[in-house]
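Please look over the sequence and the model before reading on, since the report below walks through them part by part.

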Number of protein chains: 2
Amino acid sequence: MLTIGKLGEAAGVKVPTIRYYEQIGLLPEAERSAGNQRLNGHKAQERLALIRHARDLGFTLEAIRDLLSLSDRPDQSCAAADAIAKAQLAEVESRLARLTALKAELERMVVQCAGGSIADCRVIEVLSDHSLCATDHRHPESEVPS
Amino acid sequence: MLTIGKLGEAAGVKVPTIRYYEQIGLLPEAERSAGNQRLNGHKAQERLALIRHARDLGFTLEAIRDLLSLSDRPDQSCAAADAIAKAQLAEVESRLARLTALKAELERMVVQCAGGSIADCRVIEVLSDHSLCATDHRHPESEVPS
DNA sequence: CTAATGTCTCTAGCAACTATAGCTTCAAGG
DNA sequence: CCTTGAAGCTATAGTTGCTAGAGACATTAG
C-alpha cells in the first residue's frame, strides 16, 4: 500500500494531480489509513500508469475514461479501443500538418526580418496582412493541447 | 464604422471573442452608438486582423500584447519583435518534434492491434506499459495549444 | 519529544475562450 | 407606425487539465 506521495513518484505524476483524477472519477476512491490518508494498491498504480502514459500520448481525459472502462471489460471487442487510438492518431496527424505550415511561415517571417525599425519590420507586417503568407494556415480544426 | 457583428465577420472572429479581447485590453474600448452598441473603425479592424493572424500562428495573447505594443511605436527597433517571433518558432519546432514521436507511437499501437478482444489488445497493453514503447515521448516541456 | 515533512480539504487561479440568461436596440416588412 | 426577428448589450458561469495556496492534521527521523 502506497501513500499518495509514493504513488505519484512511482508514476511520475504530481500529488494534486492524483487527487484531481480521483475527484473526477478517473481513479477509484482510495482506501484510507487510520489517519485518513489515502492508501493505494497495485491496481490503482497500474491504472495511474495507463492514465499517465495516455496523457503523454495526447489523449484527452475523456478518451482515457473510455479506454479505462474498456480495459475493465477484457472480454469485449477491441474495436472500440482501436477506434479511440485511431482518432487520436488522426488528431495528431492533423496537428502535425498544421504545425508544419506554421513553422514554414514563422521561418519566412524571421528570415526576412532585416533588423531595422518596427516601421519596416517584416514580422509585424506579415502578421498584419495574411495575404503576405505563403501557406494557408488558418485554423482548420479545433485547437487541442500538446 | 462597423458593428461588432460585421467586424467579426470581416476578421473571422466570433463576436464574444471580440468583446473578450476588448475586456482584457487587447483591443481598445470601442466607441458607442446612441443605443450603446460598439462601433469600430479601421484601426480596430487592422488590430483585430493582426491578433487573429498571430493566434493562427500559435502566438499566445501575451505575446500578441507585446507585438501590438511594439507596432504602436514604429520608430523603435525591430529586435524585440524578432525575438518574439523566434521564440514562437522554437516553441513550434519543439512541439513538432514531440508530435512526430507521438505519431510514430500511435501508429505502432494501431498497426499492432489485431482486432481481437480487449484482453489481448495492443492498444491497452502498450498504454499500460511504457516500456513497450519505441520512443521516449514523455512530456518533456510545457504543453501549449495548437 | 520535537521538528520537519507529508497529507488532508477547500477554494481559487491559469489560458483563451464559449455558453447562457435576460435584457435592449436596430432594420426591414406590412 | 408598428411589429417582428435578428443582432446587440451585460454579467456570470462553464470548459480542460491541472496548479497553487491556506490552514489543519498525520507521520516519521533524530
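The following report describes the fold of one chain, the pairing of the chains, the surroundings of the DNA strands, and a few single elements and residues.

## The model and chain A

The structure shown is a predicted model, and every value given here was computed from it. Chain A is built from 6 helices and 2 strands, and when these elements are read from the N terminus onward their order is α-α-β-β-α-α-α-α.

The C-alpha trace of chain A extends over about 70 × 40 × 20 Å along its principal axes. Its radius of gyration is 23 Å, whereas a compact globule of 146 residues would have one near 15 Å. Of the 146 residues in chain A, 36% count as buried. Among the contacts in chain A with a separation of 6 or more, 51% join residues that stand 24 or more positions apart.

## How the two chains are paired

The contact between the chains draws 56 residues from chain B and 55 residues from chain A. On the side of chain B that touches chain A, at least two residues each are supplied by helix 3 (42-56), helix 4 (61-71), helix 5 (79-112) and helix 6 (122-128) of chain B. Helix 5 of chain B gives the most to this side, with 20 residues. Sorted by class, the side of chain B that touches chain A holds 28 nonpolar, 15 polar and 13 charged residues.

A turn of 180 degrees with a shift of 0.0 Å along the axis lays chain B on chain A with an RMSD of 0.3 Å. The two copies are therefore related as by a two-fold rotation axis. The same surface serves both copies, in that 98% of the contact residues of chain B recur in chain A.

## Around the DNA strands

DNA strand C is surrounded by 23 residues, of which T3(A), G5(A), R38(A), G35(B) and T60(B) are the closest. Helix 1 (4-11) and helix 2 of chain A, along with helix 2 and helix 4 of chain B, each contribute at least two residues to the surface near DNA strand C. By class, this surface near DNA strand C consists of 7 nonpolar, 10 polar and 6 charged residues.

Around DNA strand D there are 21 residues, and those that come nearest are G35(A), T60(A), L61(A), G5(B) and R38(B). Here helix 2 (15-23) and helix 4 (61-71) of chain A, together with helix 1 (4-11) and helix 2 (15-23) of chain B, each supply at least two residues of the surface near DNA strand D. The largest share of that surface, 3 residues, comes from helix 2 of chain A. The residues of the surface near DNA strand D divide into 6 nonpolar, 10 polar and 5 charged.

## Helix 3 of chain B

Helix 3 of chain B has 15 residues, and the distance from its first C-alpha to its last is 21 Å, close to the 21 Å expected at 1.5 Å a residue. Its buried residues are A44(B), R47(B), L48(B), L50(B), I51(B), R52(B), H53(B), A54(B) and D56(B).

These buried residues of helix 3 of chain B pack against helix 1, helix 2 and helix 4 of chain B, and also against helix 6 (122-128) of chain A. Helix 3 of chain B is followed by G58(B), which has a positive phi, near 95 degrees.

## Three exposed residues

A90(B) has its place in helix 5 of chain B, and A90(B) counts as exposed because it has 11 C-beta neighbours inside 10 Å, where the cut-off for an exposed residue is 12 or fewer. A90(B) and L7(B) are 83 residues apart in sequence, and from C-alpha to C-alpha they are 32 Å apart in space.

N36(A) lies in the loop between strand 1 (31-32) and strand 2 (38-39) of chain A. Its phi is near 75 degrees, a positive value in a residue other than glycine, and N36(A) is exposed, with 6 other C-beta atoms within 10 Å. In chain B, N36(B) lies in the loop between strand 1 (31-32) and strand 2 (38-39). N36(B) has a positive phi of about 70 degrees although it is not a glycine, and N36(B) counts as exposed because it has 6 C-beta neighbours inside 10 Å.

Conventions
Residues are numbered from 1 along each chain as its sequence is written. Chains are lettered from A and ligands numbered from 1 in the order in which they are written. This is a predicted model: local features need pLDDT of at least 70, side-chain atom pairs count only at pLDDT 80 or more; totals for chains, interfaces and linings use all residues. A residue is near a molecule or strand if its C-beta atom, placed from the backbone, lies within 6 Å of it. Helices (H or I, at least four residues) and strands (E, at least two) are DSSP runs, numbered from the N terminus. Ala, Val, Leu, Ile, Met, Phe, Trp, Tyr, Cys and Pro count as nonpolar, Asp, Glu, Lys and Arg as charged, and the others, Gly among them, as polar. Two residues are in contact if their C-beta atoms, placed from the backbone, lie within 7 Å. The radius of gyration is taken over C-alpha atoms; the globule rule is 2.2 Å times the number of residues to the power 0.38. A residue is buried if 20 or more other C-beta atoms lie within 10 Å of its own, exposed if 12 or fewer, and partly exposed in between; C-beta atoms are placed from the backbone. Copies are superposed by least squares on the C-alpha atoms of residues with pLDDT of at least 70 in both. The expected span of a helix is 1.5 Å times one less than its number of residues.
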